[in-house]
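Q: Please take a close look at one helix of this model and the residue that comes right after that helix, and then connect that part to the charged pairs, loops and cysteines elsewhere in the chain.

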Amino acid sequence: MGKSWGFGKTILFGEHFVVYGLPAIASALGSYTTANAEEGEPASGLTLIDERPVTPGYKERKKPEQDDSMNNILAAMDINVDKNPVKITLGGNLVAASGVGASAASCAAIARALSAHLGLNLSDEEINKIAYEGEKGYHGTPSGIDNTAATYGGLIWFRKNLKGGPNTMERIKLKEPVELVIGNSGLTSNTKEVVGDVRAKKEAQPEKYAAIFAQYEKLVNDARCALDEFDVKRIGELMNDNHGLLQQITVSCAELDDMVDTAKDAGAYGAKLTGTGRGGLMIALTPGEELQEKVASAIEGKGVSVIRTKIGI
Ligand code: PMV
């Protein structure tokens, strides 16, 4: 038997841009997905029981992708469930929704649980590679940022190696944790579709997109300095700017823009969509519990469900 975990994450800077080899910054969340792997009933192959808390419609929508992902994980670990039936149970306190890295958290948790169950003793690096294969079932061509944050936790600077070599992952130290509010639009988006659409638009309008990407590259380097210097005001401003660029590449939507405005009106230092966009989540930087409560209540007042969390834990 093996019980294991994978962290949820939020992308502070750089969703979509990260797919094209630009740096991004992600933080693990305090919440995680757990997986338990044990011997299955004879001749039952794989049994997957999903007891994660979820946003309505998420499980149904993601089921075909989850099946692909599971097959990828089993193939990457060279496990034949016809010979060795396995029962996997997912749980934990991470609410599965688009944007919290729920798929990656489950992939890392499953890989760790299978490793423990079969006594493989895999390193974090190996778990991360398997989780990446699992992520392909959901994303098609994932950048790798989600599985990296899910596997290692903490605040990370991530850069995908477009030549296929190892990706860059560096830890960023934050002087102290900072409160963050996550608002859930309740809409589940399809990462593969949205990433594909951005690619098509980028190819159709190369000059426009090159200019946006250049602005982003400067922004993310400024963001790293602001995090290193613990300049929370500047981090917030850069989050606002990043949201503007995400609007320009058409991955925001009315629900996300409304949440961003509500958060900023209530005093958030900055706010942006996080993750795939066109649904999913928004994050607002709200240093101090008082401000966090004020912003969270303002968003909840609009009938939106909210997570109160921290980055840099
Ligand atoms: O929606 P999420 O949290 O799975 O994030 C997707 C992030 C993208 O940059 C849009 C895709 C990727 O592979 O990095």
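A: In this predicted model, helix α4 is followed by Gly 153, whose phi is positive, near 75°. The helix itself spans residues 145-152, and because seven of its eight residues are buried, helix α4 is largely enclosed by the rest of the structure. The buried residues of α4 are Ile 145, Asp 146, Asn 147, Thr 148, Ala 149, Ala 150 and Thr 151.

The positive phi of Gly 153 leads on to other residues with a positive phi that are not glycines. His 16 has a phi of about 70° although it is not a glycine, and its place is in the loop between β1 (2-13) and β2 (24-39). With a relative accessible area of 5%, which is under the 20% that marks a buried residue, His 16 is buried. Asp 78 likewise is not a glycine, yet its phi is positive, at about 55°, and Asp 78 sits in the loop between α1 and β4 (86-92). Here the surroundings are of the opposite kind, since a relative accessible area of 72% makes Asp 78 exposed, whereas His 16 is buried.

The helix that comes before the loop of Asp 78 is α1, and Lys 63 has its place in this helix, which covers residues 58-76. At 40% relative accessibility, Lys 63 counts as partly exposed. Although Lys 63 and Tyr 138 are 75 residues apart along the chain, their C-alpha atoms are separated by 9.8 Å.

Charged side chains form further links, and the structure holds 18 salt bridges. In one of them, the side chains of Asp 124 and Arg 112 meet with an N to O distance of 3.1 Å. This pair links distant parts of the chain, with Asp 124 in helix α3 (residues 124-139) and Arg 112 in helix α2 (residues 102-117), twelve residues apart. The two partners differ in their cover: Asp 124 is partly exposed, with a relative accessible area of 37%, while Arg 112, at 9% relative accessibility, counts as buried.

Another salt bridge brings together the side chains of Arg 159 and Glu 217, at 3.7 Å from N to O. Here too the pair links distant parts of the chain, because Arg 159 belongs to strand β5 (residues 155-159) and Glu 217 to helix α6 (residues 206-228), 58 residues apart. Arg 159 counts as partly exposed at 32% relative accessibility, and Glu 217 also counts as partly exposed, at 32%.

A salt bridge within a single helix is found between Lys 201 and Asp 197, whose side chains meet at 2.9 Å, N to O. Because Lys 201 and Asp 197 are four residues apart in helix α5 (residues 191-204), they are separated by about one helical turn. Lys 201 is partly exposed, with a relative accessible area of 26%, and Asp 197 counts as partly exposed at 24% relative accessibility. Beyond such pairs, salt bridges that share partners join Lys 218, Asp 222, Lys 233, Arg 234 and Glu 237 into one network.

Charge also gathers on the surface, where Glu 255, Asp 258, Asp 261 and Asp 265 form a patch of negative charge. One member of this patch, Asp 265, lies in helix α8, which comprises residues 254-265. With a relative accessible area of 69%, Asp 265 is exposed.

The cysteines complete the picture. A disulfide is a covalent bond between the sulfur atoms of two cysteines. A search of the whole structure finds zero disulfides. As for the cysteines themselves, Cys 107 is buried, with a relative accessible area of 1%, whereas Cys 225 is partly exposed, with a relative accessible area of 41%.

Terms used: Residues are numbered from 1 along each chain as its sequence is written. This is a predicted model: local features need pLDDT of at least 70, side-chain atom pairs count only at pLDDT 80 or more; totals for chains, interfaces and linings use all residues. Side-chain values use heavy atoms; hydrogens and water are left out. Patches are made of residues with over 30% relative accessible area and no salt bridge: like charges are joined within 9 Å, nonpolar side chains (Val, Leu, Ile, Met, Phe, Trp, Tyr) within 5 Å. Accessible areas come from the Shrake-Rupley method with a 1.4 Å probe; for residues, only the protein chains shown count as cover. A salt bridge is a side-chain nitrogen of Lys or Arg within 4 Å of a carboxyl oxygen of Asp or Glu. Lys and Arg count as positive and Asp and Glu as negative; His and the chain ends are not counted. The place of a charge is taken as NZ of Lys, CZ of Arg, CG of Asp or CD of Glu. Helices (H or I, at least four residues) and strands (E, at least two) are DSSP runs, numbered from the N terminus. Buried means under 20% relative accessible area, exposed over 50%, partly exposed in between (1.4 Å probe, protein chains only). A disulfide is a pair of cysteine sulfur atoms within 2.5 Å.
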